[in-house]
Amino acid sequence: MLAESFLQMHAARLGRAARLTREATAAIERYDWPGNVRELKNALERSLVLCRGEEIGVADLPEEVAHGEVLVRRSSADGHDNGLGEKDFREAKRKFEVAYLTKQLANHRWNVSRTAATIGLPPAKLAGELRELGIRRPGREPIEEE
């Protein structure tokens, strides 16, 4: 009922009407909707805009809804683990920080001062974070402490 209501609302606003196929309705019912009502509303608006014709099929639904599962990117485009697959918050946060800082440093050719200015940290604070997380420029050996 909620899906139909959202479709009618979007159809009136967009000047375009479409109905859900049985398969699309079944996919919507199977999906867990972690974003709750807002996610449903946005998914239906997107589907209405993208569908060709008067029916919204499974192919017109967002990929995660069509497949019945939330798609979580567990790694970034460059293959680094960004921590989203972790159950433990502290480990997820650590992995995210490593992935984020490594990417930002690479974007600035490993210039700590420029990177710090871009991300809004004082250079000394960023240097401390890098030491704490064990992040080193590729090809550099760790400094041995005596």
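What share of the 146 residues in the protein chain is buried? The answer is 31%. Keep in mind from the start that you are looking at a predicted model, and let us walk through it together.

Begin with the overall layout. The protein chain holds seven helices and two strands. If you follow the sequence from start to end, these elements come in the order α-β-α-α-β-α-α-α-α. The chain also folds back on itself: of its contacts with a separation of 6 or more, 52% are between residues 24 or more positions apart.

Next, turn to the inside. The largest nonpolar core contains 19 residues, and Leu20, Ile28, Trp33, Leu40, Leu44, Ile56 and Leu61 have the most contacts inside it. Helices α1, α2 and α3 each give this core at least two residues. A second core, apart from this one, has eight residues, including Leu101, Ala116, Leu130 and Leu133.

Ile56 is a good residue to pause at. Which residues does Ile56 touch, once its neighbours within four places in sequence are left aside? They are Leu7, Ala18, Arg19, Leu20, Thr21, Ala24, Ser47, Leu48, Cys51 and Leu61. Two of these partners, Leu20 and Leu61, are also named among the core residues with the most contacts.

A little further along is Val58, found in the loop between β2 and α4, the helix of residues 63-67. With a relative accessibility of 27%, Val58 counts as partly exposed, because that value falls between the 20% limit for buried and the 50% limit for exposed. Although Val58 and Thr21 are 37 residues apart in sequence, their C-alpha atoms are 7.8 Å apart in space. Thr21 is also one of the contacts of Val58 beyond four places in sequence, together with Glu23, Ala24 and Ala66.

Now look for a hollow in the structure. The second largest pocket has a volume of about 170 Å³. Helices α1 (2-14), α2 (22-30) and α3 (36-50) are the elements that contribute two or more residues to its lining. The full lining consists of Met1, Ala3, Glu4, Leu20, Thr25, Ile28, Glu29, Trp33, Asn36, Val37 and Leu40. Sorted by class, these are seven nonpolar, two polar and two charged residues. You may recognise some names here: Leu20, Ile28, Trp33 and Leu40 line this pocket and are also among the residues with the most contacts in the largest nonpolar core.

From the nonpolar parts we move to the charged ones. Side chains of opposite charge can pair when their charged atoms come close. How many salt bridges does a search of the whole structure find? It finds six, and three of them are described here.

One joins Arg19 to Glu55, with 3.4 Å between the closest N and O atoms. This pair links distant parts of the chain, since Arg19 belongs to strand β1 (residues 19-20) and Glu55 to strand β2 (residues 55-56), 36 residues apart. Both ends are partly exposed: Arg19 has a relative accessible area of 47%, and Glu55 has one of 39%.

Another salt bridge brings together the side chains of Glu97 and Lys93, at 4.0 Å from N to O. These two residues sit four places apart in helix α5 (residues 89-107), so about one helical turn separates them. Glu97 is partly exposed at 24% relative accessibility, and Lys93 is partly exposed at 45%.

Helix α7 (residues 123-133) has a pair with the four-residue spacing too, Lys125 and Glu129, about one turn of the helix apart. Their side chains meet in a salt bridge at 3.2 Å, N to O. Here the two partners differ in exposure: Lys125 is partly exposed, with a relative accessible area of 44%, whereas Glu129 is buried, at 18%.

Our last stop is a point of backbone geometry. Most residues other than glycine have a negative phi. Arg109 has a positive phi, near 50°, and Trp110 has one of about 65°. Arg109 lies in the loop between α5 and α6, the helix of residues 112-119, and Trp110 has its place in that loop as well. Are these two buried or exposed? Arg109 counts as exposed, at 70% relative accessibility, while Trp110 counts as buried, at 18%.

Technical notes:
Residues are numbered from 1 along each chain as its sequence is written. This is a predicted model: local features need pLDDT of at least 70, side-chain atom pairs count only at pLDDT 80 or more; totals for chains, interfaces and linings use all residues. Side-chain values use heavy atoms; hydrogens and water are left out. On a 1 Å grid over the protein atoms alone, a cavity is a set of points where a 1.4 Å probe fits but cannot get out, and a pocket is an open set with protein on both sides within 12 Å along at least five of seven lines; lining residues have an atom within 4 Å of a point. Grid points are joined across faces, edges and corners, and a volume is the space filled by probe spheres set on the points. Ala, Val, Leu, Ile, Met, Phe, Trp, Tyr, Cys and Pro count as nonpolar, Asp, Glu, Lys and Arg as charged, and the others, Gly among them, as polar. A nonpolar core is a set of buried Ala, Val, Leu, Ile, Met, Phe, Trp, Tyr and Cys residues joined through side-chain atoms within 4.5 Å. Buried means under 20% relative accessible area, exposed over 50%, partly exposed in between (1.4 Å probe, protein chains only). Contact means heavy atoms within 4.5 Å.
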